[in-house]
Amino acid sequence: MSYIKKQMDENGLFNKFTIQSLLDELDTIEYYQQPGKAHHLSEITAKQCELYEFMGVNVPT
């Protein structure tokens, strides 16, 4: 949580989000996997990609 707070503070994200609302925004990404098949992620929006970049985390693929 301290890393998230630090990144939000450094990138000015507290002007638009609370910690909970940022986590809620990223929580909508779903990960699906069937045995013996490749995994599949739900659509990742441009806004979510931007948040991952602000947080210094690679966007899931």
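A crossing of two helices is called left-handed if the near helix is turned anticlockwise from the far one by less than a right angle, and right-handed if clockwise. Keep that in mind for the first stop of this tour. One more thing before you start clicking: the model in your viewer is predicted.

**Stop 1: H2 and H3**

Select helix H2, residues 19-27, together with helix H3, residues 46-55. Turn the view until one helix lies in front of the other. The crossing of H2 and H3 is left-handed. Their axes come within 10 Å and cross at roughly 125°. Angles from 65 to 115 degrees count as roughly perpendicular and those over 145 as roughly antiparallel, and H2 and H3 are therefore oblique to each other.

Now show the side chains where the two helices meet. On the H2 side, pick Leu22, Glu25 and Leu26. On the H3 side, pick Lys47, Gln48, Leu51, Tyr52 and Met55. Colour them by class and you should find five nonpolar, one polar and two charged residues in this contact.

**Stop 2: H1 and H2**

Keep H2 on screen and add helix H1, residues 2-10. How do the axes of H1 and H2 cross, and at roughly what angle? The answer is roughly 100°, with the axes coming within 11 Å. That makes H1 roughly perpendicular to H2. Ile4, Lys5 and Met8 of H1 meet Ile19, Leu22 and Leu23 of H2 here. The residues of this contact divide into five nonpolar, no polar and one charged.

**Stop 3: isoleucine 19**

Stay with H2 and centre on isoleucine 19, which is found in this helix. Which residues does isoleucine 19 touch, not counting those up to four places away in sequence? They are Met1, Ile4, Lys5, Met8 and Phe14. Try a distance label between the C-alpha atoms of isoleucine 19 and lysine 5: the two are 14 residues apart in sequence and 7.1 Å apart in space.

**Stop 4: the largest nonpolar core**

In soluble globular proteins, nonpolar side chains tend to be buried together. To see the largest nonpolar core here, select its eleven residues: Ile4, Met8, Leu13, Phe17, Leu22, Leu26, Ile29, Leu41, Leu51, Tyr52 and Met55. Helices H1, H2 and H3 each give two or more residues to this core, and H3 gives the most, with three.

**Stop 5: leucine 13**

Finish on one member of that core, leucine 13. Leaving aside its neighbours within four places in sequence, leucine 13 is in contact with Met8, Leu22, Leu51, Phe54 and Met55.

Technical notes
Residues numbered from 1 in each chain as written. Predicted model: local features only at pLDDT ≥ 70, side-chain atom pairs only at ≥ 80, totals over all residues. Heavy atoms only, no water. Core = buried A, V, L, I, M, F, W, Y, C linked by side-chain atoms within 4.5 Å. Buried < 20%, exposed > 50% of the residue type's maximum accessible area, 1.4 Å probe, protein only. Helix = DSSP H or I, 4+ residues; strand = E, 2+ residues; numbered from the N terminus. Contact = heavy atoms within 4.5 Å. Axes fitted to C-alpha atoms, helices over the stretch in contact; angles between N-to-C directions. Parallel < 35°, antiparallel > 145°, perpendicular 65-115°, else oblique. Nonpolar A, V, L, I, M, F, W, Y, C, P; charged D, E, K, R; others polar.
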